[in-house]
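Trainee: I have a new model open and I'd like to learn how to read it. Can you walk me through it?

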Amino acid sequence: MARWFVWVAMISSVAVITLVVYFSIPVPHLMVKRPSSEKLTKIILLSVNEVQQLWTKGDYRREIDFEKSHCPEMGKMPAEINREYLRCNPHFLQCYFTEQFQKLNGEKSSSKFKIAISKTEKWEVEVSAQEDAIAVWSTKKRVYRTVARSLDQGEFVTPYGIAMEIYIAEISFSYRFILENLCHQTYLPEQKYDYGQTLDQLKKKMSKDLYENITKQTQVETPRIWDNRGRFFTIDKFLVTQQDYNEFLWFQGKENQIQSNAEKWPFPVTNLTQVEMKDFCHFRGKRPLTAALYDANVFFRKPNSENQFELISRNQLFPQSPKGLNDKTKKAFSMDYASWMGTFQWKDHYFEAVENAWDPTFNLSTFSLLLPADHPWNHIAYRTGWNGKSGEGSKMNSANSIWGMIESIPLNPSKVEIAFRCYQEFGEFF
Amino acid sequence: MKIIFPTFLFLFFLIFSCDKHFKQDVVIDDILMGSYEFQLINLPSDVNKNAIYSSEFQKKPEEVLLRFKSLSLTDKKMKTIYGCLISQLKEGRFYLTWHVSDLLDSCQISDKSISTLADLSGHELTLESEVIGGISVSKLKLSYRKSVKGEIKNFSLNYYLLNWKQAEIKEGRLLPARQREIFHSPFFKSSIEGVQFTASFMGKNASKEIPSLVIKNLPVSHYPDLVKCAEWDDQCAPVMDDKCHLCQQGYSQVMHGKCGLHGIRFCGTVDCGGKNKPPCHLGRSHIENEDFMGCSELSEEWLCHPGLILDCSAKPFPLCH
């Protein structure tokens, strides 16, 4: 009897020890009962949707007090600039979810939020900050990681976006997802487009003498009609910003080249070479804008009429003379000069570089605020040539006072800044 | 002492066998959540359009019902998980098995069986949609009958496919029902626009890496150093599998002029119009004109830079000289 008792005691002890050891192993998903598949799907969907709203719409609830908020990695705060700056801006999410924003209701922005999956059932969800800190931005751990086809593997990898993770403490469950960067680009409808201005169009805009001088030259692109049937293009709505380029520099290991003045981050990056522009666009899974796509944006073919340009200007009173321009007149994410497609900054403080396979010597759009309104180069889609270099080596083709000889003149980066934007072409879709 | 060790083993087996069943369910739910491509095998043509499979159609002892790919996100890498669902008929009983693998051919013997749903009579797999919290989601619904206390009852399991807003079956594939709208991008439309859902569970635990599936662009844009991703011959027959969806920065098409819309596609950008480069072309409208006769030196539809001559007879496609 005693022997049996010893055996039972020993077996029981082993069982108890086994159970204690087993349940002391921290395997969270085994310790808490996971909700049903339907319920968990709902929690994931609504949680991801909450983060996605902040990603694509920025401060869409108008809850942040930007006057009182200070988040250094944002550079300039939206109290002073267009709120477009907040959309698809990973730094905004980083500041938001690491409690760096002051809300109008007196609270701090938080990494935690609640999801109501029914009238009576709420779940608390947290955005995990588990990615390594990036010293040039902040010492805090990151809530996101940049993902891109140029960095990652896999056929389903987005051309460019961020990966994030939500954590539901109650069930010790975390879920990862990717947010694509779609905010600042728009789709070019499939149709015919015009490229280059006809001499007739120029004639309407220029003095007789000037037109006669121009027609003596051959330095005008041949107007063409082309179409994008079966091809899918998306065009960047805004010029590439310094903040965009800073991230590219970081991935290249060129941290020392990152623009140190954070005030400049939301503004277009300038003074790059053509190769650097191309490399940046490639990093984003894109290509530098072409002259044909530039014209597709700024020309609008009215039904049953000749091709006519239409630039929807919201601010005709903006200074037209370069004398009135300075850093204070620059606007980050300016929407003052919009195209019919809903793309912007077609007339700004910059010349815009383009690629031009059809007429390679015309790769710099001079339509800008830099030139007086009546300057012969200041016409929509007028282009000249640029040697693709930056700094002191940068030169563009210029004409003498009577539009005679074309000559190459050095560009002064402090006076003529060259900006750029990218486009993306996708394969055929089913 | 002899009984202690077996007892210990028994208890461990008991505990971990329960755990195994639990984890199996978790895994397949999560993996399908991150699925982004479905290929339906042996799709019966005479069933309603949403029915993917019904046990009534099973003719062989073992049939692969569908294959799928899911995106997983590990700590530092992304990877694709391959899976399939197999139906086995043994002694008049059906067994459904989910297989997953990080290898390309997912239904091979190297696969891990992660979940077996035993003895499911009268099972049917359908594609349905459901609105969850105001968001439209596609799901695979597995309906089956099972005897409970001597009574046959109907059951169903839902597997949510969050990477599809609305899916439809076309030619044996599950495809996103995409409407191309003006000003809307042609991006993949998941349940929430611009979100890619992943197979999170596998992602956190996966360690094995797979070879890159992306075709990296070489820093060149000149033929013949470009990476070819698709090609059609003069008779418009495909010469190779189309891999252009793997290109890092999209692809460029060079038309050879003999097959209307098709030609050779290269990953990345192809410089056109320059010396020894293909001519630039102005779009399909030109080529689809009724009087289109292929590449012509007299045509304005094919562009070479000033001073260069278009050679329509050059191989493998027209060139500017």
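Trainee: Let's start with empty space: how much space lies in the largest cavity?

Mentor: First, keep in mind that this is a predicted model. A cavity here is a spot where a 1.4 Å probe fits but cannot get out. In this case the largest cavity holds about 350 Å³ of space, and a search of the whole structure turns up 11 cavities of 30 Å³ or more.

Trainee: Which residues are the closest to the centre of the largest cavity?

Mentor: Look for A:N181, A:H184, A:T241, A:D244 and A:R284, which are the closest to its centre among the 24 residues of the lining. By character, the lining divides into 11 nonpolar, 7 polar and 6 charged residues.

Trainee: And which elements give two or more residues to that lining?

Mentor: Those are α4 and α7 (242–251) of chain A. The largest share comes from α7(A), with 3 residues.

Trainee: Why does the largest cavity lie between domain 1 and domain 2 of chain A?

Mentor: You settle that by asking who supplies the lining. Both domain 1 (32–180) and domain 2 (185–426) of chain A give residues to it, so the cavity lies between them.

Trainee: Back to α7(A), then. How many of its residues are buried?

Mentor: Buried means under 20% relative accessible area. By that cut-off, 7 of the 10 residues of α7(A) are buried, so the helix is mostly covered. The buried ones are A:Q242, A:Q243, A:Y245, A:N246, A:E247, A:F248 and A:L249. They pack against α4, β3 (144–148), β4 and α8 (274–283) of chain A. Just after α7(A), have a look at A:G253, which takes a positive phi of about 75 degrees.

Trainee: What about helix α9 of chain A, is it mostly covered or mostly exposed?

Mentor: Mostly covered: in α9(A), residues 291–298, 8 of 8 residues are buried. Among them are A:L293, A:Y294, A:D295 and A:N297.

Trainee: Now the packing. How many residues does the largest nonpolar core have?

Mentor: For a core, you follow buried nonpolar side chains that join up through their atoms. Here the largest one has 61 residues, and A:F92, A:F101 and A:M164 have the most contacts inside it. Chain A gives two or more residues from each of α3 (37–57), α4 (90–97), β1 (112–116), β2 (122–127), β4 (160–168) and β5 (173–180), and chain B does so from β8 (135–148) and β12 (195–197). The most comes from α3(A), with 9 residues.

Trainee: What does A:F92 touch?

Mentor: Skip residues up to four places away in sequence, and you find A:L54, A:G58, A:D59, A:I64, A:F66, A:M74, A:L86 and A:F101. There is also a second, separate core of 34 residues, which includes A:V240, A:W265, A:M277 and A:F420.

Trainee: I also clicked on A:E63. Is A:E63 buried or exposed?

Mentor: Check its relative accessible area against the cut-off: at 14%, A:E63 is buried. You'll find A:E63 in the loop between α3 and α4 of chain A. Leaving aside neighbours within four places in sequence, A:E63 is in contact with A:Y96, A:Q102, A:K103 and A:L104.

Trainee: Last one: how many helices and strands does chain B have?

Mentor: Chain B has 3 helices and 19 strands. Of its 321 residues, 52% are buried. For contacts in chain B with a separation of 6 or more, 52% come from residues 24 or more positions apart.

Terms used:
Residues are numbered from 1 along each chain as its sequence is written. Chains are lettered from A and ligands numbered from 1 in the order in which they are written. This is a predicted model: local features need pLDDT of at least 70, side-chain atom pairs count only at pLDDT 80 or more; totals for chains, interfaces and linings use all residues. Side-chain values use heavy atoms; hydrogens and water are left out. A nonpolar core is a set of buried Ala, Val, Leu, Ile, Met, Phe, Trp, Tyr and Cys residues joined through side-chain atoms within 4.5 Å. Buried means under 20% relative accessible area, exposed over 50%, partly exposed in between (1.4 Å probe, protein chains only). Helices (H or I, at least four residues) and strands (E, at least two) are DSSP runs, numbered from the N terminus. Contact means heavy atoms within 4.5 Å. On a 1 Å grid over the protein atoms alone, a cavity is a set of points where a 1.4 Å probe fits but cannot get out, and a pocket is an open set with protein on both sides within 12 Å along at least five of seven lines; lining residues have an atom within 4 Å of a point. Grid points are joined across faces, edges and corners, and a volume is the space filled by probe spheres set on the points. Ala, Val, Leu, Ile, Met, Phe, Trp, Tyr, Cys and Pro count as nonpolar, Asp, Glu, Lys and Arg as charged, and the others, Gly among them, as polar. Domain bounds come from an automatic or database domain assignment.
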